[in-house]
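Colleague: Hey, got a minute to walk me through this one? I'm new to reading structures, so plain words please.

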Amino acid sequence: MNVFRKGIAAVTLLLYALPAFSQILGDNEETSKFGYSRYFVFGAGATYRSFIDQSLSSRKYEKAGPTAAIANIRLNENKYTELWIQGSYVNAETPNGPFAPARIKMYNGLIDYRHLYKIDFLNEMIYDVRVGGLLSAQYAHKNAPHLEYSGKVDDYAMSIGLSGKIAREIMFDDLPGYIMLDVSMPLFSSSSRPPYLNKVTALETEKNSDNGFFANNSIGLFGKFLRLNTRIHFLYPLKRTTNKLRFTYQWDYFKIKGASAVYSAEHTLMLTFMFNY
C-alpha cells in the first residue's frame with residue numbers, strides 16, 4: 001500500500017495547490033434556450049485496480065479490466081454541472097508469491113454529481129477555475145469462489161464533498177481545445193461494510209438478520225470513508241461540428257472503514273465522445 005500512500009500525499013498537495021476547474025465556452029458551441037452549452041457523453045476504456053478487502057483476505061488483489069461511462073454536462077460562463085455514471089469489472093488475482101493463486105471477481109458502479117461555480121483565481125485570461133460540491137454514490141460486489149462460505153461481499157458508500165476543476169485552452173489548427181484537471185473528495189458519508197473475514201462474531205437478533213446488507217451501515221465525517229478522485233482530460237474539437245473527443249486519465253483511491261476495512265486504487269484510461277445538443 002506504499003504506492004497508495006504516496007499517491008494520496010501527492011493528490012492532497014495538488015488539492016491545496018489547485019482547488020478547481022471548468023472550461024471556457026467556444027464560439028461555435030450550441031447553447032440551449034437557457035444559455036447553457038450541453039453535452040451527452042459516452043465512453044469506454046480500460047482500468048487497472050488493486051485492492052485489499054479484509055472481509056475476504058489480508059492479501060492484495062489486482063488486475064486490469066473494462067470500464068464504461070455515460071454522462072450529461074451543462075455549462076455556461078459561470079456554472080458547470082456534471083452527472084457521471086460509470087461501471088467497471090475486474091477478475092482480480094493475487095500477485096506471484098509463496099501462496100496458491102486466487103481470484104476475486106469485482107463489479108463496481110458509481111454515480112457522481114458535480115455542481116461548480118466560477119471563481120476569480122489565477123489569470124482569467126489563461127485559466128478557467130471553478131469550485132463547488134460533489135454528491136456521490138458507489139457500490140461494489142465481490143465474489144471469491146475459492147471461499148466457500150464467505151466469498152460474496154457487498155459494500156456501498158454515499159457521500160457529500162468538495163470538487164474543483166481548472167482548465168486551460170490549447171489550439172488545434174485554429175480550433176479551441178482544452179487541457180483540464182479536476183479533483184474531488186468527500187466530507188460526510190454513509191457507508192456499509194461486512195464483518196471481518198465476512199464472519200458474524202456475535203449473536204444476531206432476527207431483526208438484524210433481516211436487515212442484512214444495511215445492518216452494517218455507519219455515518220461519519222472525513223476519514224470514515226475516504227475517496228480521492230483525480231482526472232486529467234484532453235479535449236479535442238471535431239472539425240465542422242460542435243462535438244468533441246475527450247481523452248481521460250483517472251486515478252481513484254478509496255478507503256472504507258467499518259466492521260472490516262477495504263483499500264482500493266484504480267488507474268483508468270478512457271476515450272469519450274461528447275455530443276453537443
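## Walking through the model

Modeller: Sure, and here is something to start with: of the contacts in the protein with a separation of 6 or more, 69% are between residues 24 or more positions apart. Keep in mind that this is a predicted model.

Colleague: Okay. How many helices and strands does the protein have?

Modeller: There are two helices and eleven strands. Along the sequence the pattern reads α-β-β-β-β-β-β-β-α-β-β-β-β.

Colleague: And what percentage of the residues is buried?

Modeller: Of the 277 residues, 45% are buried. As for the outside, the protein exposes about 14000 Å², and carbon and sulfur atoms supply 61% of that.

Colleague: Let's do strands. Which strand does β1 join?

Modeller: Strand β1, residues 37–53, is joined to strand β11, residues 262–276, by 15 bridges, and the two run antiparallel. For instance, Ile-52 stands opposite Tyr-263 in β11.

Colleague: What about β10 and β11, how many bridges join them?

Modeller: 13 bridges, with the two strands running antiparallel. β10 covers residues 244–256, and a hairpin of five residues connects β10 to β11. One of the bridge partners there is Met-274 in β11, which goes with Lys-244.

Colleague: Anything in the middle of the sequence? How many bridges join β4 to β5?

Modeller: That would be 14 bridges, antiparallel, with β5 spanning residues 127–143. In that pairing, Ile-111 has Ala-137 in β5 as its bridge partner. β5 also pairs with β6 in the antiparallel sense, over 17 bridges, and Asn-143 stands opposite Lys-152 in β6.

Colleague: Switching topic: which residues have the most contacts inside the largest nonpolar core?

Modeller: Tyr-39, Val-41, Ile-73, Trp-84 and Met-274, in a core of 16 residues. Two or more residues come from each of β1, β2 (61–75), β3 (79–93), β4 (103–118), β7 (175–192) and β11. β2 gives the most, with four residues.

Colleague: Why would nonpolar side chains be buried together?

Modeller: As a general point, nonpolar side chains in soluble globular proteins tend to be buried together.

Colleague: Back to Met-274, then. What does Met-274 touch?

Modeller: Leaving out residues up to four places away in sequence, Met-274 touches Tyr-39, Phe-40, Val-41, Ile-73, Leu-235, Asn-243, Lys-244 and Arg-246. Apart from the largest core lies another core of eleven residues, including Val-90, Ala-92, Met-106 and Ala-140.

Colleague: Now rings! How many aromatic pairs are there?

Modeller: Six aromatic pairs. One of them is Phe-51 with Tyr-61, a stacked pair at 6.0 Å centre to centre with 15° between the planes. Phe-51 lies in strand β1 and Tyr-61 in strand β2, so this pair ties together parts that are ten residues apart in sequence.

Colleague: Are Phe-51 and Tyr-61 buried or exposed?

Modeller: Phe-51 is buried, at a relative accessible area of 0%, and Tyr-61 is buried too, at 2%.

Colleague: And why is the pair of Phe-172 and Tyr-236 called edge-to-face?

Modeller: The ring centres of Phe-172 and Tyr-236 are 5.0 Å apart and their planes sit at 70°, so the pair counts as edge-to-face. The cut-off for that label is over 60 degrees. Phe-172 is in strand β6 (residues 152–172) and Tyr-236 in strand β9 (residues 225–237), so the two, 64 residues apart, link distant parts of the chain. Phe-172 is partly exposed at 29% relative accessibility, and Tyr-236 is partly exposed at 31%.

Colleague: Which residues do ring pairs link into a cluster?

Modeller: Phe-40, Phe-42 and Phe-273.

Colleague: Where does the charged end of Lys-142 sit?

Modeller: Over the ring of Phe-51, 5.9 Å from its centre. Elsewhere, Arg-74 lies over the face of Tyr-36, at 4.2 Å from the ring centre.

Colleague: Last one: where does Gly-223 lie?

Modeller: Gly-223 is in the loop between β8 (217–221) and β9, and at 23% relative accessibility Gly-223 counts as partly exposed. Gly-223 and Ile-256 are 33 residues apart in sequence, with their C-alpha atoms 8.3 Å apart in space. Not counting residues up to four places away in sequence, Gly-223 touches Lys-255 and Lys-257.

Key:
Residues are numbered from 1 along each chain as its sequence is written. This is a predicted model: local features need pLDDT of at least 70, side-chain atom pairs count only at pLDDT 80 or more; totals for chains, interfaces and linings use all residues. Side-chain values use heavy atoms; hydrogens and water are left out. Buried means under 20% relative accessible area, exposed over 50%, partly exposed in between (1.4 Å probe, protein chains only). Contact means heavy atoms within 4.5 Å. Accessible areas come from the Shrake-Rupley method with a 1.4 Å probe; for residues, only the protein chains shown count as cover. Two strands pair if DSSP finds at least two bridges between them. A nonpolar core is a set of buried Ala, Val, Leu, Ile, Met, Phe, Trp, Tyr and Cys residues joined through side-chain atoms within 4.5 Å. Rings of Phe, Tyr and Trp (its six-membered ring) pair if their centres lie within 6.5 Å; planes under 30 degrees apart count as stacked, over 60 as edge-to-face and the rest as tilted. A charge sits over a ring if NZ of Lys or CZ of Arg is within 6 Å of the ring centre and within 35 degrees of the ring normal.
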